[in-house]
Amino acid sequence: MMKRTLLIAAAVLGLSAPAIASEGANPPQLKWSFAGPFGKFDEAQLQRGFKVYREVCSSCHSLNYVNFRNLSQPGGPGFSEAQVRALAAEYKVQDGPNDAGDMFERAGRPADHFPAPFPNENAAAAANGGKAPPDLSLMPKARTYERGFPWFIFDAFTQFAENGSDYLVAVLTGYHEAPKGFSVPEGGHYNSYFPGNVIAMPKPLSDGQVEYPKGADGKSPVPETVDQYARDVTAFLMWTAEPHLDARKRIGFQVILFLLVLSGLLYFTKKKIWSRIEH
Amino acid sequence: MSQHSSTYVPKSAFGKWFESRLPIAGLIHSSFIVYPVPRNINYFWTFGAILSFMLASQILTGVFLAMYYTPHASLAFQSVEHIMRDVNFGWLIRYMHANGASMFFVAVYVHIFRGLYYGSYKAPREILWILGVIIYGLMMATAFMGYVLPWGQMSFWGATVITNILAAIPVVGDTIQSLLWGGYSVGNPTLNRFFSIHYLLPFMIAGVVILHIWALHVPGQNNPTGVPIKSDKDTVPFTPFATIKDLFATAVFMILFAWFVFYIPNYLGHADNYVPANPSVTPAHIVPEWYFLPFYAILRAIPDKLGGVIAMFASIAVLAFLPWLDTSKVRSTSYRPLYKQFFWILVADTLLLGWLGAKPPEGWYVIVSQIATAYYFIHFLVILPLLGFIERPLPLPNSILESVLGQKGGAGLPAGANAEPQSKG
Ligand code: HEM
C-alpha cells in the first residue's frame, strides 16, 4: 500500500516537472576534491586559488570573514605561520586611536582581517558602475541553482552539495558574445549562467593571467587557463566559506561508524529482551 | 500515573525519608519502569522518545549558541559566522541546532501521522491529542523565530512576509504586527523580541510535553489494533521492553541526523540565508523552511489575504477537532478499508501541497494548490465525518493478546494488517 501510494505521489509530482524545467541552463557538474563523504581540500589547489584571489579578485571583492591567521589553520591552504606573518606584513592596516587620539597605519598581523578594497558599500558600488562587488567569504554557500524534481531527492542520498561551487565556476567561465537580438545594457556583460544573463562584473579571468608555481620540470603542474583559475579560486572560496569542512567530514565518518555499531548492539539487546515474550 | 506508584518501595533509609516527603522516585518508577505498554506496539511508537531526544538536543545546543550569538541587526550575521569559524566546535553546535530543527519536524510528522493512522486521537485520548496539537503550534512558532535569528536574507524576508500576513487579521492584526515589529518594519527590535521568545518557547514546549506524557499515562498507550488493554497479559513493563526499543530507534534516528549534520548540513537550508539581511534587496523567491511548505501553499492558494490567513490557521486548528470529526468507533486504520485509502490520499495531498509551497504562485500551480487545499479540508470536514456511517469495518480481535498469538497461530498476519482495501474505487 505504502509503495503504491509513493508511486502515485511520484507520478503526480512527475507530471508537473516539465513546468519547472525552463529556467535556463544549469551549470555543468564538476569534480571537487571536497565532495563526498571522504572529501577534503587539496592544499596545492587552495594555495593556487588564494593566489588568484589575491592577484585578481581582491581589487574588487572583500573577504571580510577571513583573517590572515586562518591561512595556516589545519584543513586550509597549509601556509606556515612564518609565511602568514610575512604575508600579513605586506598589507597596511588602519589601527587606533593611539594615546594622542589619532588613527594610524601599521603593517598587518596574522590576527587582522583581510583588508577590504573599498571603505564601504557605496564606494564599492560607485567604483563598479553602480553594483557593489559582493563579499566573497561565503560565496559558494550563498549561491545555488534549482535542482528540480526528482534530482533534489537523489542529492540527499548522494550527498551532492557542490551546486554553489559549480555555479561559481560557470559564472567565471560563462562570458560569451551575447546572442543576436540580445541587447546588453551599458556597463553590463553577457554571461550565460548569471541570472538574467547581464552581470556587472567584467570578465575577470583570462588565460596566462596568473603565474602558478613551477614543478621540478620548470612547468606548472596544472594549466594556466581560465577554466583552471576558476576551479582553483572557487575551491579556495569554498574553504573560506566552510573552513572546518575537512574536520566535519572526518568526524562525521567516525560518528556514523560509532552510531552504526551502537545501533547494532542495541538491536541485538532489544531482540534478546523481546524474545522473552510473543509479540 | 498514581495508580501504579504503590509498587515502588524505597530500599535505603534516606530513600524512605525522602519518598515520604517528595515521592518523585515513585513517580519515575511508575511512569518509566513498571508502566504497562501494549506488547504489540510497533516502531511508530518510538517517535515519542525520539522527539524527547530532539527537544533535549535543541535546548542544549541552543543554550550553547546563545552564549556566542548577538541579537543585533548589525552583529547577528557576523556572530553566527564567528560561531561557525572561531568557536571550538561551533560549526558542529550550529549545524546540529539548524538541522536538529528539521529532524524535530521529521519526527513530529511521523508521530502525527501515526496518530492519524491508528486513531490515537479518539476517546479517551482527546486531551492528549490536543496537547500534541499545541506542542506542534509552539514548535512552529519557535522554529519560525529561530530561522530569523541568523539575520540572513531569508531570515529577514521570511519575517517580513509572515508578519505582514498577520496584519490581515481583523481588529487585532495591526496591534499584533506592531508588537512583533517593535517599530514600523522588521528591524533590530524585531530581532531582539524574536530572540527572547525563541529562548522562551522551548521551555514552554517542555512544560506541555510533561502534560502530554501525563495525559498519556492515564488512559495508556494506543496500539496497532486500537483495541484497549484488557488484562495484564496484553502488556509488558516499560522497562526493559519499551526502553530498549526506544534506545535502539533513537540511535538509528541519530544516524539520519548525523548524515545531515556532517555531510549535507546546508541541504535543508537556503543559500540566500548566507547573504546578510538587506532591506533594499528582495530575494527572487521567498520560501519558508520545508516543514512550513504545505501551510505556505494553503496560505497562497486563497486569492484573498485574510482568507489565506484564515485557511492557513484553520488547516492546523482543524486537527484539534479530529476526535469529534471522526465518527468511526474503530481506532486502527488496519480495520478500516475505506478510511485507509483516504488516509494515503491525504498523505499524498500534503506532500503535493508541500511541493507547491516551494513553487512560485503563478500559472497552474495556483489552481493545483487550490484543489489540494480544498481536498485537505474536505478530508477532515466531509469525508471523515461521513465515513464513520458508511464504512463497514473489518472484525476486530478480542484482545491485544489474541492478535499477537493469532499471528503465530498460522494466520500469517494479524487480522486486518494485510487487508487491502476492498472497494472497487
Ligand atoms: C523547540 C526547540 C527549538 C527549535 C525548533 C529551534 C529552531 C531554530 C532554528 C530553525 C534556528 C535557525 C538556524 C539557522 O538557520 O541557523 C535557530 C537558531 C537559534 N536558536 Fe533555536 N530552536 C529551538 C530551541 C532553542 C533554544 C532552547 C535556544 C536557547 C536557549 C535556542 C537558541 C538559538 C540561537 C541562539 C539561534 C541563532 C543561531 C543560529 O542561527 O544558528 N534555540 N533555532
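**Chain A, overall**

I started with chain A and found nine helices and four strands. I am working from a predicted model, so I treat everything below as read from a prediction. Reading along the sequence of chain A, I wrote down the order α-α-α-β-β-α-α-α-α-β-β-α-α.

Next I looked up how spread out the chain is. The radius of gyration of chain A is 24 Å, while the globule rule gives 19 Å for 279 residues. The value for chain A is well over the rule, so I noted the chain as more spread out than a compact globule. I then took the spans of the C-alpha trace of chain A along its principal axes, which come to about 85 × 55 × 50 Å.

I also checked burial in chain A: 42% of its 279 residues count as buried. For contacts in chain A with a separation of 6 or more, I found that 60% join residues 24 or more positions apart.

**Where chain A meets chain B**

I moved to the interface. Chain A brings 55 residues to the contact, and chain B brings 48 residues. The buried area between the two chains is about 5,000 Å². Carbon and sulfur atoms give 69% of that area. I asked which three residues of chain A supply more of its buried area against chain B than any other three. They are A:Tyr65, A:Arg248 and A:Trp274, with 13% of what chain A buries there.

Then I counted the polar links. I have two salt bridges between chain A and chain B. One of them joins the side chains of B:Lys359 and A:Glu146, at 2.9 Å from N to O. For polar contacts between the chains, I counted twelve residue pairs, with both residues at pLDDT 80 or more.

I listed the helices of chain A that each supply at least two residues to the side touching chain B: α1 (2–16), α5 (139–142), α6 (151–158), α8 (226–241) and α9 (245–274). Helix α9(A) gives the largest share, 18 residues. I sorted the residues on this side of chain A into 32 nonpolar, eleven polar and twelve charged.

**Two asparagines in a loop of chain B**

I turned to the loop between β1 (36–38) and α3 (47–68) of chain B, where I found B:Asn42. B:Asn40 sits in the loop between β1 and α3 of chain B as well.

Is B:Asn40 buried or exposed? I read 13% relative accessibility, under the 20% cut-off, so B:Asn40 counts as buried. Its side chain makes a polar contact with the side chain of B:Asn223, at 3.0 Å. Beyond residues up to four places away in sequence, I see B:Asn40 touching B:Asn223, B:Pro224, B:Thr225, B:Ile400, B:Ser403 and B:Val404.

For B:Asn42, I left aside neighbours within four places and found contacts with B:Tyr118, B:Pro224 and B:Lys245. B:Asn42 and B:Pro224 are 182 residues apart along the chain, yet I find their C-alpha atoms separated by 7.2 Å. I also noted a local link: a polar atom of the B:Asn42 side chain lies 2.9 Å from the backbone nitrogen of B:Phe44.

**Helix α2 of chain B**

Last, I checked α2 of chain B, residues 24–32. Buried there are B:Gly26, B:His29, B:Ser30 and B:Ser31. What do the buried residues of α2(B) pack against? I found α1 (13–19), α9 (188–217) and α10 (238–263) of chain B.

Methods: Residues are numbered from 1 along each chain as its sequence is written. Chains are lettered from A and ligands numbered from 1 in the order in which they are written. This is a predicted model: local features need pLDDT of at least 70, side-chain atom pairs count only at pLDDT 80 or more; totals for chains, interfaces and linings use all residues. Side-chain values use heavy atoms; hydrogens and water are left out. Contact means heavy atoms within 4.5 Å. Buried area is the accessible area (1.4 Å probe) that two parts lose on being put together, summed over both. A salt bridge is a side-chain nitrogen of Lys or Arg within 4 Å of a carboxyl oxygen of Asp or Glu. A polar contact is a pair of N or O atoms within 3.5 Å; within protein, one must be able to donate a hydrogen and the other to accept it, and residues adjacent in sequence count only if both atoms are side-chain atoms. Ala, Val, Leu, Ile, Met, Phe, Trp, Tyr, Cys and Pro count as nonpolar, Asp, Glu, Lys and Arg as charged, and the others, Gly among them, as polar. The radius of gyration is taken over C-alpha atoms; the globule rule is 2.2 Å times the number of residues to the power 0.38. Buried means under 20% relative accessible area, exposed over 50%, partly exposed in between (1.4 Å probe, protein chains only).
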